[in-house]
Structures are given as structure tokens and as C-alpha cells.
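Biologist: Can you put the model up so we can go through it together? I have some short questions.

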Amino acid sequence: YTKEFKIEALNLAKQLGSYSAAAKQLGLRDSIFHTWKAKYGISLDDKSGKTVTQSVKESDEIRNLKKKIQDLEKTNYILKRAAAFFSQDHLK
């Protein structure tokens, strides 16, 4: 399923107040909604007033930021090792 379909399905579940009701209406299994819910961090009991679309965008942004942090940590490690290597070479 496309990301847009998943978001709309989760929006429907939030409107209906039930994953099983939305699954029944769309002809899907309940378990698929629970998988999508876990992936995007969606809760029907969410009182923050955020829409499913906003929650998904936040989830995607967090995932991207975590990846960026991991990449920067790797780069930082490599640069530290290179700096240590070249400073030792200079002392000889």
C-alpha cells in the first residue's frame, strides 16, 4: 500500500474510533492497522489534537534526524581518527 493510503486509512480509524471498524470498512485485516500504527506512532487516544498526517510527518522527521545524527557521528569519529593519525605523523 502507498504511504498516502496508509495515512488515509489511519485517519479513517481515528474518525471511527476503532481500527477494526476501519479495517472492516476497507476490507483489510486488523493486524495491518496495528503494524501501521506502530510504524507511524499513531494512537486513537491521542489528546494532542494532531492529525495522523502531522504525526506521520513528525515520525518521518524524527527518523531522518536520527539517521543524520548517526551519519554525523560516523564522520566525527573518522575525523578524530584522521586528526590523531596526522598529529602523530607530524611528531616523528
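**Charged pairs and overall build**

Modeller: To start with one pair, lysine 67 and aspartate 71 have side chains that meet in a salt bridge, 3.3 Å from N to O. Bear in mind that this is a predicted model.

Biologist: Where are lysine 67 and aspartate 71 relative to each other in helix 4?

Modeller: They are four residues apart in helix 4, so about one helical turn separates them.

Biologist: And is lysine 67 buried, partly exposed or exposed?

Modeller: Lysine 67 counts as partly exposed, at 49% relative accessibility. Aspartate 71 is partly exposed too, with a relative accessible area of 34%.

Biologist: Why would two such side chains pair at all?

Modeller: Side chains of opposite charge can pair when their charged atoms come close.

Biologist: How many salt bridges does the count come to?

Modeller: The count comes to three salt bridges. One of them joins the side chains of lysine 3 and aspartate 60, at 2.1 Å from N to O. This pair links distant parts of the chain, with lysine 3 in helix 1 (residues 3–16) and aspartate 60 in helix 4 (residues 52–91), 57 residues apart.

Biologist: What else does aspartate 60 form a salt bridge with?

Modeller: Aspartate 60 also forms a salt bridge with arginine 63, where the closest N and O atoms are 2.9 Å apart. Both residues lie in helix 4, three residues apart, which is about one turn of the helix.

Biologist: Is aspartate 60 buried or exposed?

Modeller: Aspartate 60 is buried, because its relative accessible area is 15% and buried means under 20%. Its two partners are less covered by the numbers: lysine 3 is partly exposed at 35%, and arginine 63 is partly exposed at 41%.

Biologist: Back to lysine 67 for a second. How exposed was it, and which residues do shared partners join into one network?

Modeller: Lysine 67 is partly exposed, at 49%. The network that shared salt-bridge partners make is Lys3, Asp60 and Arg63.

Biologist: New topic. How many helices and strands does the protein have?

Modeller: It has four helices and zero strands. From the N terminus on, the order is α-α-α-α.

Biologist: What is the radius of gyration, against that of a compact globule?

Modeller: The protein has 22 Å, whereas a compact globule of 92 residues would be near 12 Å. The C-alpha atoms fill a box of roughly 75 × 25 × 15 Å along the principal axes.

Biologist: What share of the residues counts as buried?

Modeller: Of the 92 residues, 23% count as buried. The accessible surface comes to about 7100 Å², and 56% of that belongs to carbon and sulfur atoms.

Biologist: And the charges, how many positive and negative side chains?

Modeller: There are 18 positive and 11 negative side chains, and the centres of the two sets lie 4 Å apart.

Biologist: Let's look at a loop. Where does isoleucine 42 lie?

Modeller: Isoleucine 42 lies in the loop between helix 3 (30–40) and helix 4. It is buried, with a relative accessible area of 7%.

Biologist: Which residues is isoleucine 42 in contact with, leaving aside neighbours within four places in sequence?

Modeller: Isoleucine 42 is in contact with Leu10, Tyr19, Lys37, Val52, Ser55 and Val56. As for lysine 6, which is 36 residues away along the chain, its C-alpha atom and that of isoleucine 42 are separated by 11 Å.

Technical notes:
Residues are numbered from 1 along each chain as its sequence is written. This is a predicted model: local features need pLDDT of at least 70, side-chain atom pairs count only at pLDDT 80 or more; totals for chains, interfaces and linings use all residues. Side-chain values use heavy atoms; hydrogens and water are left out. Helices (H or I, at least four residues) and strands (E, at least two) are DSSP runs, numbered from the N terminus. The radius of gyration is taken over C-alpha atoms; the globule rule is 2.2 Å times the number of residues to the power 0.38. Buried means under 20% relative accessible area, exposed over 50%, partly exposed in between (1.4 Å probe, protein chains only). Accessible areas come from the Shrake-Rupley method with a 1.4 Å probe; for residues, only the protein chains shown count as cover. Lys and Arg count as positive and Asp and Glu as negative; His and the chain ends are not counted. The place of a charge is taken as NZ of Lys, CZ of Arg, CG of Asp or CD of Glu. A salt bridge is a side-chain nitrogen of Lys or Arg within 4 Å of a carboxyl oxygen of Asp or Glu. Contact means heavy atoms within 4.5 Å.
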